[in-house]
Amino acid sequence: MNGPPIVPDDLVVTRVCRPDHDLLVTLEAYDFEAFGLTGLRTYDLAVAAQAGALYVAYLYDDIAGSCQVLRMFDEPGFFYMLGFYVRPHRQGRGVGKAFALAVAQELQDKGGEGIVLTVAPSNTAALALY
């Protein structure tokens with residue numbers, strides 16, 4: 001564990017509709033940190049924000065993670081999660097669970113019936129979360 005478990009109220013999840021360039025550059029770097037060369041670029045993140053939803057989780061004014069989702073065209077009750085990560089220094093304290101539950105609640109409030117995603121079989125932390 002990386003410190004004591006967080007209290008869900010300490011985590012602030014924000015949907016970013018029109019991210020500025022500096023935030024996109026920062027999120028691109030964090031996406032690279034999480035996914036390497038397959039991480040989303042600034043352009044991809046901007047498209048996700050405009051065509052879907054871009055969520056940023058903050059913990060004590062620090063970006064703790066990000067999530068991008070698009071509504072599925074042929075199954076509008078379902079959302080496709082393009083990416084979801086919690087920054088390494090925030091992992092192991094319940095941030096991922098609180099963040100995922102906040103996003104899931106938001107999507108349910110938008111009429112969502114479920115979330116579709118892909119995860120590498122070797123990513124045991126993500127598999128345990130989902």
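Author: Two strands pair if DSSP finds at least two bridges between them. The structure discussed here is a predicted model.

Reader: In strand 5, which residue is the bridge partner of F78?

Author: Strand 4 and strand 5 pair in the parallel sense, over three bridges. F78 belongs to strand 4, which covers residues 78-86. Its bridge partner in strand 5 is G114.

Reader: Is the β-α-β crossover from strand 4 to strand 5 right-handed or left-handed?

Author: After strand 4 the chain passes through helix 3, residues 95-109, and then reaches strand 5. With the strands pointing away from the viewer, a path that runs clockwise from the first strand over the helix to the second counts as right-handed. This β-α-β crossover is right-handed.

Reader: Do strand 3 and strand 4 run parallel or antiparallel?

Author: Strand 3 (residues 62-71) and strand 4 form a hairpin, with six residues between them. Seven bridges join the two strands, and Q68 stands opposite G83 in strand 4. The direction of strand 3 relative to strand 4 is antiparallel.

Reader: Which strands stand at the edges of the sheet?

Author: The sheet is open and has five strands in the order 1-2-3-4-5, with mixed pairing. An edge strand has a single partner strand, so one of its sides is left without a neighbour in the sheet. The two strands in this position are strand 1 (11-15) and strand 5.

Reader: What angle does the direction of helix 3 make with that of strand 4?

Author: Helix 3 packs on the sheet and touches strand 1, strand 2, strand 3, strand 4 and strand 5. Helix 2 (residues 42-51) also lies across several strands, among them strand 2 (53-59), and runs at about 60° to strand 3. For helix 3 and strand 4, the angle is about 155°.

Reader: Does T118 count as buried or exposed?

Author: T118 lies in the loop between strand 5 (114-116) and helix 4 (124-129). T118 and L82 are 36 residues apart in sequence, and their C-alpha atoms are 8.2 Å apart in space. The relative accessibility of T118 is 60%, and the cut-off is over 50%. Therefore T118 counts as exposed.

Key. Residues numbered from 1 in each chain as written. Predicted model: local features only at pLDDT ≥ 70, side-chain atom pairs only at ≥ 80, totals over all residues. Heavy atoms only, no water. Helix = DSSP H or I, 4+ residues; strand = E, 2+ residues; numbered from the N terminus. Buried < 20%, exposed > 50% of the residue type's maximum accessible area, 1.4 Å probe, protein only. Contact = heavy atoms within 4.5 Å. Axes fitted to C-alpha atoms, helices over the stretch in contact; angles between N-to-C directions.
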